[in-house]
Amino acid sequence: MRINNFGPAGMNPYRCQFDKEIQTNKPVAKQDKVEISATAKELQQASQWAVEHQNKVRALKEQVQNGTYKIDAEAVAKSIYKFYFEN
């Protein structure tokens, strides 16, 4: 013999307990909170460097397009010499 649906039909004992808890504990409005780590703050500062770099590149591009960009051949030669022979 098999007994199905033991106890009163349609009654959930856990639901009664849940309803009691809801009535006694008034829901409290929760607020979201965001905390930014020190590493994230450093990364934000690094992005400022990227903005400065982009501005510098943009200025150089404009100079090249306008034909006003002048290359210092002596400074380039010194850098090449320093790279290959002084290290």
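1. A salt bridge is taken here as a side-chain nitrogen of Lys or Arg within 4 Å of a carboxyl oxygen of Asp or Glu. In this predicted model, Lys 78 and Glu 74 meet that criterion, with their closest N and O atoms 3.5 Å apart, and the count for the structure comes to one such bridge. Lys 78 and Glu 74 are four residues apart in helix α3, and are therefore separated by about one helical turn. Both Lys 78 and Glu 74 are exposed.

2. On confidence, the mean pLDDT of the protein is 82, with 77% of its residues reaching 70 or more. Among the elements, helix α1, which covers residues 13–24, has the lowest mean pLDDT, at 72, while α3 has the highest, at 95. Where pLDDT is low, the predicted coordinates should not be read in detail.

3. As to the overall architecture, the protein has three helices and zero strands, and its elements run α-α-α from the N terminus on. Of its 87 residues, 0% count as buried. The accessible surface comes to about 9,500 Å², and carbon and sulfur atoms account for 55% of that area.

4. Helix α3 spans residues 73–85, and its 13 residues reach 18 Å from the first C-alpha to the last, which is close to the 18 Å expected at 1.5 Å a residue. The number of buried residues among the 13 of α3 is zero, so this helix lies largely in the open.

5. Aromatic contacts deserve a point of their own, and a pair of aromatic rings is described by the distance of the centres and the angle of the planes. A search of the whole structure finds two aromatic pairs. In one of them, the rings of Tyr 81 and Phe 85 have their centres 5.0 Å apart and their planes at 40°, so this pair is classed as tilted. Tyr 81 and Phe 85 both belong to helix α3, where they are four residues apart, or about one turn of the helix. Tyr 81 is partly exposed, because its relative accessible area is 47%, whereas Phe 85, at 61%, is exposed.

6. Phe 83 and Tyr 84 also form an aromatic pair, with 4.9 Å from centre to centre and 90° between the planes, a geometry that is edge-to-face. Both Phe 83 and Tyr 84 are exposed.

7. The four aromatic residues just discussed, Tyr 81, Phe 83, Tyr 84 and Phe 85, also belong to a nonpolar patch on the surface, together with Leu 60, Val 64, Tyr 69, Ile 71, Val 76 and Ile 80. The members of this patch have about 1,100 Å² of accessible area together. Helix α2 (38–66) and helix α3 each supply at least two residues of the patch, and α3 gives the most to it, with six residues. One of the patch members, Ile 80, is found in helix α3 and is partly exposed, because its relative accessible area is 47%.

8. Taken together, these points place several features on one helix: α3 has the highest mean pLDDT among the elements, holds both Lys 78 and Glu 74, carries the tilted pair's Tyr 81 and Phe 85, and gives the most to the nonpolar patch.

Notes: Residues numbered from 1 in each chain as written. Predicted model: local features only at pLDDT ≥ 70, side-chain atom pairs only at ≥ 80, totals over all residues. Heavy atoms only, no water. Expected span 1.5 Å × (residues − 1). Buried < 20%, exposed > 50% of the residue type's maximum accessible area, 1.4 Å probe, protein only. Phe/Tyr/Trp six-rings, centres within 6.5 Å; stacked < 30°, edge-to-face > 60°. Areas by Shrake-Rupley, 256 points an atom, 1.4 Å probe, with all protein chains shown as cover. Patch = residues over 30% accessible without salt bridge, like charges linked within 9 Å, V, L, I, M, F, W, Y side chains within 5 Å. pLDDT = per-residue confidence, 0-100.
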